[in-house]
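Colleague: Hi! Could you walk me through this one?
Modeller: Happy to, here it comes.
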Amino acid sequence: MYKIAIIPGDGTGPEVVREGLKVLKAAASKFKIDFEFTDFPFGGEHYMKTGETLPDSALQELRKFNAIFLGAIGHPDVKPGILETQILLKLRFSLDQYINLRPVKLYPNVETPLANKKPEDIDFVVVRENTEDLYIGSGGFLRKDTPQEVAVQEMIATRFGVERCVRYAFEYARKRNKGKKLTLCAKTNVLIYAHDLWWRTFQEVAKEYPDVKTDYAHVDATTMWMVKNPEWFDVIVTTNMFGDIITDLGAMIQGGMGIAAGGNINPQGVSMFEPIGGSAPKYTNQNVINPLAAVFAGQMMLETLGEAKAAAAIEKSAIGVIGRMKSQAAGKMGFSTSQIGDMVAEGL
Ligand code: IPM
Ligand code: MN
């Protein structure tokens with residue numbers, strides 16, 4: 001039996017989580033998988049009511065689960081930086097989810113803003129380092145609120161953190177067995193310390209994977225190739241900050257935030273799966289948001305748990321549903337949020 005922690009979170013999070021769970025339950029009954037779901041209240045609403053973000057006691061409890069299924073964290077009435085660092089990043093860091101796995105895949109019948117690009121052209125995976133870099137909150141202010149103010153935010157790369165991420169990416173490219181090509185995306189021409197470490201680590205680990213081709217692209221060039229020649233990419237490995245940025249671009253070229261899902265992976269521990277679109281406050285409680293990103297997050301969760309057949313069935317059913325939808329954009333799908341969930345579940 002799999003024990004799954006559910007954090008529906010804010011905005012449209014609970015709506016898309018509901019549909020994701022509907023599909024997971026349908027898959028469970030078809031493939032004889034046993035789930036036990038436990039809800040946790042954390043998010044902006046809970047914070048405004050109680051002042052609590054993510055207490056350490058909850059973190060301890062979450063360690064006992066097989067996986068976490070997250071909706072969205074973010075609230076328009078909470079100052080930026082509080083919920084993000086004290087809930088989302090705290091989960092990623094404390095549970096040592098050192099990989100953020102973000103597939104960029106254009107499904108048939110999904111519109112991409114890239115002219116003349118087809119599903120066979122847009123199918124790659126970004127392996128984003130998820131525990132270091134500019135994200136760890138190292139730095140501070142000097143002489144704050146004076147004309148002489150100094151703000152420092154440090155970019156941290158450790159040999160340990162970079163190597164485990166790079167190694168994961170090589171293994172992933174090998175297992176994926178598509179182009180068997182791994183591209184390092186960094187900025188070695190400017191970040192001459194942190195990204196020199198990335199570069200050297202990448203070259204060294206590559207020697208253990210002679211069957212995987214290697215490539216390198218600076219991050220600025222990566223955004224250019226993602227638009228011009230996305231078919232060049234198979235697996236991209238990159239830093240936390242650059243991975244954050246290029247995967248929003250990735251989400252757009254695969255058809256938008258309604259589709260894009262990600263996994264925060266600790267291969268030895270508790271992983272967390274989420275639609276990457278955020279809480280979308282303006283669409284909240286209207287039953288118009290696209291739940292497919294949450295459905296695909298559920299698919300990734302099943303894959304990671306080792307339930308490959310059930311995961312593949314969810315993807316197949318979702319592809320069928322996409323074929324009947326008018327658009328992937330909120331409010332323009334031709335169906336409501338709950339209808340899409342019903343259709344994917346029925347398709348199973
Ligand atoms: C993401 C988000 C988060 C990030 C924010 C909400 C902290 O943009 O998951 O990509 O920057 O990692
Ligand atoms: Mn982001």
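Modeller: We can talk through the ligand and then the domains. This is a predicted model, where local features need pLDDT of at least 70, side-chain atom pairs count only at pLDDT 80 or more, and totals for chains, interfaces and linings use all residues. Residues are numbered from 1 along each chain as its sequence is written, chains are lettered from A and ligands numbered from 1 in the order in which they are written, and side-chain values use heavy atoms, with hydrogens and water left out.
Colleague: Thanks! Which residues are around ligand 1?
Modeller: Glu-84, Leu-88, Arg-92, Arg-102, Arg-128, Tyr-135 and Asp-244; to be near, a residue needs a heavy atom within 4 Å.
Colleague: How do those divide into nonpolar, polar and charged?
Modeller: The shell has five charged residues, two nonpolar ones and no polar ones. Here Asp, Glu, Lys and Arg are charged, while Leu and Tyr are among those counted as nonpolar.
Colleague: And which helix gives the most to the shell?
Modeller: Helix H4, residues 82–94, with three residues. Helices are DSSP runs (H or I, at least four residues).
Colleague: How far is the side chain of Arg-102 from an oxygen atom of the ligand?
Modeller: An N or O atom there is 2.8 Å from a ligand oxygen, a polar contact being a pair of N or O atoms within 3.5 Å. For Asp-244 the distance from a polar side-chain atom to a ligand oxygen is 2.9 Å. The protein covers 75% of the 320 Å² that ligand 1 has accessible on its own (Shrake-Rupley method, 1.4 Å probe).
Colleague: New topic: what are the domains?
Modeller: Domain 1 is 1–98 + 260–348 and domain 2 is 112–254, with bounds from an automatic or database assignment. Their C-alpha centres lie 24 Å apart.

Terms used:
Polar contact = N/O pair within 3.5 Å; in protein donor to acceptor, adjacent residues only side chain to side chain. Helix = DSSP H or I, 4+ residues; strand = E, 2+ residues; numbered from the N terminus.
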